[in-house]
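Visitor: I'd like to learn how to read a model like this one, feature by feature. Could you walk me through it?

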Amino acid sequence: KLEPAVQNYEWGVRGGGQSSLVARMANAQVAEEKPFAELWMGTHPKAPSVVLEDGWSGMVLGEFLRLNEVFMGSKAGMFGGDLPYLFKCLSVAKALSIQAHPDKTLAKLLHARDKPNYPDDNHKPELACAVTEFEGLCGFRKLDEIVENVGAVPELKELIGQDTVKLMESSLDKDAQSRAEALKQAFNMVMSSPEDRVKHQASKMVDRLKSSQKLRDVEELVLRINEQFPLDVGLFNIFFLNHVKLRPGQALFLGPNLPHAYLSGDCMEIMATSDNVVRAGFTPKFKDVATLCSMLDYERSGPAEIMEGEAREGMRVYAPPGHDF
Ligand SMILES: [Zn+2]
C-alpha cells in the first residue's frame, strides 16, 4: 500500500465538492479551495510515494525498492534498481503550459547547462489516458489547416509577416522538408515576437472575435482560453496545434519534441521518471522559447494519433514505443 504525493499546482481542479479526481484518490485532507492537480505514484525525488506497510511504514518508495529488490521483478537490473516510470493522475481545470519534452541527448545537455530549470537528465515520453472527457492541444496541424487559419486571422498574419506567409503558401505543394522549414519559420516568428507586439495583436484579435457573429471552433477555443490567460502568446499557438478531444479510455502518446498542452478533464498519465519540461506559453513558470522553438519536430504535422487500446482479459492495453513503460 502506498501514499502517493499530491501536487497542488494552480491549474488543478479545486478539491471542493469532490469534483477533482485527484482529490478523491488522494489519501489526504481535502481543502475546499485548494487545487488538486496531480497525484504522483513513483520514486521521483521531487514527490516520492511513501510506503504504508507494517514494518516499512513511512519509508519512501525508492528506498523500499532498493532494500526489497524482489518487488522490481526480473527487469530490476535494466534500470539501476529504480522504477523507470512515474504514474500520475491529473485533474485539469485550466490550460497547462504549451510544452514539449526533450529526447535523452537534449535532456542531458539542458541539465548540464541549467540544473535549476532542468532538474533531470532523462527524457520524458508520456502517455495520457482519459478518465473523463479530456481535451488538449497536441502536435502541429496539417500545414494547409494552419495556412487557412493564418488567412482567417489578420492579427496572426501580422505577427508572422508577409514574407513568411508567402513562404508557407508556396510550400504547400512542395516536399515535406520545405513544408517543415516554412512551418518552423512561421512558428518562430510568432514565438519570438516582442511581448508588447503580441499583446497588441492579441487584444485586437480578442476584440474582433468577441464582436463576431459566427465563430469557428478554433476561435471559440481562443476566446475561452483567453479568459484563463489574457492576451498570452499561447493564444496564437492554438492556430498551429491540433485541438484533440478524448473520450474516456482513449489515449495520446507524447513522444519527444512534440508540442502539446492539456486543457481540461481528468486523465491517468504514465511517463519516464523525469520532470523535464520545456515551456513557452500559458504559464507563470520559467519559459525557454529559444529551446522550444529549436527542438520541435516540424516535419511531423497532421491529425494527432489517438490510441484506443486493445481489450485483453479484463484489461485495456496501450503499447507505445520505447521501454520505460
Ligand atoms: Zn507534457
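**Reading the model**

Guide: Let's start with one residue: S74 sits in the loop between helix 2 (61-67) and strand 7 (85-92). Keep in mind that this is a predicted model.

Visitor: Is S74 buried or exposed?

Guide: The general idea is a cut-off on relative accessible area: under 20% is buried and over 50% is exposed. S74 has 79% relative accessibility, so it counts as exposed. For a sense of distance, S74 and V198 are 53 Å apart in space, C-alpha to C-alpha, with their positions 124 residues apart in sequence.

Visitor: And what falls between those two cut-offs?

Guide: Anything in between is called partly exposed. E169, in helix 6 (residues 162-171), is such a case, because its relative accessible area is 41%. The C-alpha atoms of E169 and D144 are 8.4 Å apart, while 25 residues separate the two along the chain.

Visitor: Which UniProt feature is placed at residues 159-241?

Guide: The unreviewed UniProt entry gives "domain: Phosphomannose isomerase type I helical insertion" for that stretch. In the model, residues 159-241 are 72% helix and 1% strand, and the end C-alpha atoms of the stretch lie 17 Å apart.

Visitor: Let's zoom out. How many helices and strands are in the chain?

Guide: The chain has 11 helices and 17 strands. Its C-alpha trace spans about 70 × 45 × 45 Å along the principal axes.

Visitor: How does the radius of gyration fit a compact globule?

Guide: You compare the value with the one expected for that number of residues. For 325 residues, a compact globule would come out near 20 Å, and the chain has 21 Å, so the two agree. Buried residues make up 51% of the 325. The accessible surface is about 15,500 Å², and carbon and sulfur atoms account for 51% of that area.

Visitor: What share of the contacts join residues at least 24 apart?

Guide: Take the contacts between residues at least 6 apart in sequence: 75% of them join residues at least 24 apart.

Visitor: Now the rings. How many aromatic pairs does a search of the whole structure find?

Guide: It finds 10 aromatic pairs. To classify a pair you look at the angle between the planes, and over 60 degrees counts as edge-to-face. W56 and F64 have ring centres 5.3 Å apart and planes at 85°, so this pair is edge-to-face. The partners differ in label: W56 is partly exposed at 30% relative accessible area, whereas F64 counts as buried at 10%.

Visitor: Can you show me another pair?

Guide: Sure: F187 and F240 are also edge-to-face, with 5.4 Å centre to centre and 85° between the planes. This pair links distant parts of the chain, 53 residues apart. F187 belongs to helix 7 (residues 176-191), and F240 lies in the loop between helix 10 (234-237) and strand 11 (241-246). Both F187 and F240 are buried.

Visitor: Which residues do ring pairs link into a cluster?

Guide: The cluster is made of F140, F187, F240 and Y298.

Visitor: Which lysines lie over the face of a ring?

Guide: For a charge over a ring, check the distance to the ring centre and the angle to the ring normal. K94 lies over the face of F229, 5.0 Å from the ring centre. K285 lies over the face of Y9, at 4.6 Å from the centre of that ring.

Note on methods: Residues numbered from 1 in each chain as written. Predicted model: local features only at pLDDT ≥ 70, side-chain atom pairs only at ≥ 80, totals over all residues. Heavy atoms only, no water. Phe/Tyr/Trp six-rings, centres within 6.5 Å; stacked < 30°, edge-to-face > 60°. Buried < 20%, exposed > 50% of the residue type's maximum accessible area, 1.4 Å probe, protein only. Helix = DSSP H or I, 4+ residues; strand = E, 2+ residues; numbered from the N terminus. Lys NZ or Arg CZ within 6 Å of the ring centre and 35° of its normal. Rg over C-alpha atoms; globule rule 2.2 N^0.38 Å. Contact = heavy atoms within 4.5 Å. Areas by Shrake-Rupley, 256 points an atom, 1.4 Å probe, with all protein chains shown as cover. UniProt positions renumbered as here; feature names shortened; annotations may be inferred.
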